[in-house]
Amino acid sequence: MTAQSSEPSPRPAPSGGLRASHDDREVVVEQLRDAAAEGRIDLDELDARLEQALKSRTHAELAVLTADLPKPQATEDRSPLVLRGGMFGASRGPGRWEVPRRVIAHGGVGGVKIDFTRVECRHKEVAVEAFGETSGVTIVLPDGWAADTSGMDPGVGGLKDETTSDRLPGTPLIRLTGSGGSGGVVIRHPDQRERRKLRSNPAQG
């Protein structure tokens, strides 16, 4: 006869008891921030729920934090656009592209440029996390768009905010956070060369 192990077999955890991943917590964090932006919860409650979300270990603990909030509209709204400069740099735009609620840019060695001048954006606010790292991040906004850079850590490379506060009705607010690193972060409207290119290609797709 073969000896049987005396250790009990592990039982499947109920769905709510499953361990939460970093991505699971991030989804809840974004939903809470959206709820605060829409006025569903106040800033004190947002801070308390965010703190609890980051400490949550299971799906059940996360579910409690959003049980009284509307479900997110679509999965694609929760998927951030991630750009990594790497060795050769990275960019998004100019050209038409649909903006998600969240954009993350890591400047790396090659740098990153994000151009919003011809985008399709359905959101009232867009969270942009920019990390300048070695070569920096440049963000270009259309005229009439505004940015909130109060949550940005300038780091060694600094933050250069050249946007105006003249926000047109119906345009999104870019809420910028992150760190300048050694390369710095620049957020601005189109320069003269970019404006000439926009005028010469008015129907650019």
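**Exercise 1. Which residues form a nonpolar patch on the surface, and about how much accessible area do they have together?**

Solution. The structure is a predicted model, and every value below is computed from it. The patch on the surface consists of M87, F88 and V109, which together have about 410 Å² of accessible area. To place one member of this patch, note that M87 lies in the loop between strand 1 (81-84) and strand 2 (90-92). With a relative accessible area of 60%, M87 is classed as exposed, because the cut-off for that class is over 50%.

**Exercise 2. Describe the aromatic pairs of the structure, and state where their residues lie.**

Solution. The structure contains two aromatic pairs, and a pair of aromatic rings is described by the distance of the centres and the angle of the planes.

Step 1. For W97 and F116, the ring centres are 5.5 Å apart and the planes stand at 40 degrees, so this pair is tilted. W97 belongs to the loop between strand 2 and strand 3 (102-106), whereas F116 belongs to the loop between strand 4 (112-115) and strand 5 (125-131), and the pair therefore ties together parts that are 19 residues apart in sequence.

Step 2. F116 also pairs with W145, with 5.8 Å from centre to centre and 45 degrees between the planes, and this pair is tilted. Since W145 sits in the loop between strand 6 (137-140) and strand 7 (146-153), while F116 sits in the loop between strand 4 and strand 5, the pair ties together parts that are 29 residues apart in sequence.

Step 3. Taken together, W97, F116 and W145 form one aromatic cluster.

**Exercise 3. Are F116 and W145 buried or exposed?**

Solution. The cut-off needed here is that buried means under 20% relative accessible area. F116 has a relative accessibility of 0% and therefore counts as buried, and W145, with a relative accessible area of 9%, is buried as well. W97, the partner of F116 in the pair described above, is likewise buried.

**Exercise 4. Characterise the surroundings of E133, beginning with its place in the chain.**

Solution. E133 is located in the loop between strand 5 and strand 6, and because its relative accessibility is 32%, it counts as partly exposed. When neighbours within four places in sequence are left aside, the residues in contact with E133 are H106, G107, G108, G180, G181, S182 and G183. A link back to the first exercise is given by V109, a member of the nonpolar patch: the C-alpha atoms of E133 and V109 are separated by 7.5 Å, although these residues are 24 residues apart along the chain.

Note on methods: Residues numbered from 1 in each chain as written. Predicted model: local features only at pLDDT ≥ 70, side-chain atom pairs only at ≥ 80, totals over all residues. Heavy atoms only, no water. Patch = residues over 30% accessible without salt bridge, like charges linked within 9 Å, V, L, I, M, F, W, Y side chains within 5 Å. Areas by Shrake-Rupley, 256 points an atom, 1.4 Å probe, with all protein chains shown as cover. Salt bridge = Lys/Arg side-chain N within 4 Å of Asp/Glu carboxyl O. Helix = DSSP H or I, 4+ residues; strand = E, 2+ residues; numbered from the N terminus. Buried < 20%, exposed > 50% of the residue type's maximum accessible area, 1.4 Å probe, protein only. Phe/Tyr/Trp six-rings, centres within 6.5 Å; stacked < 30°, edge-to-face > 60°. Contact = heavy atoms within 4.5 Å.
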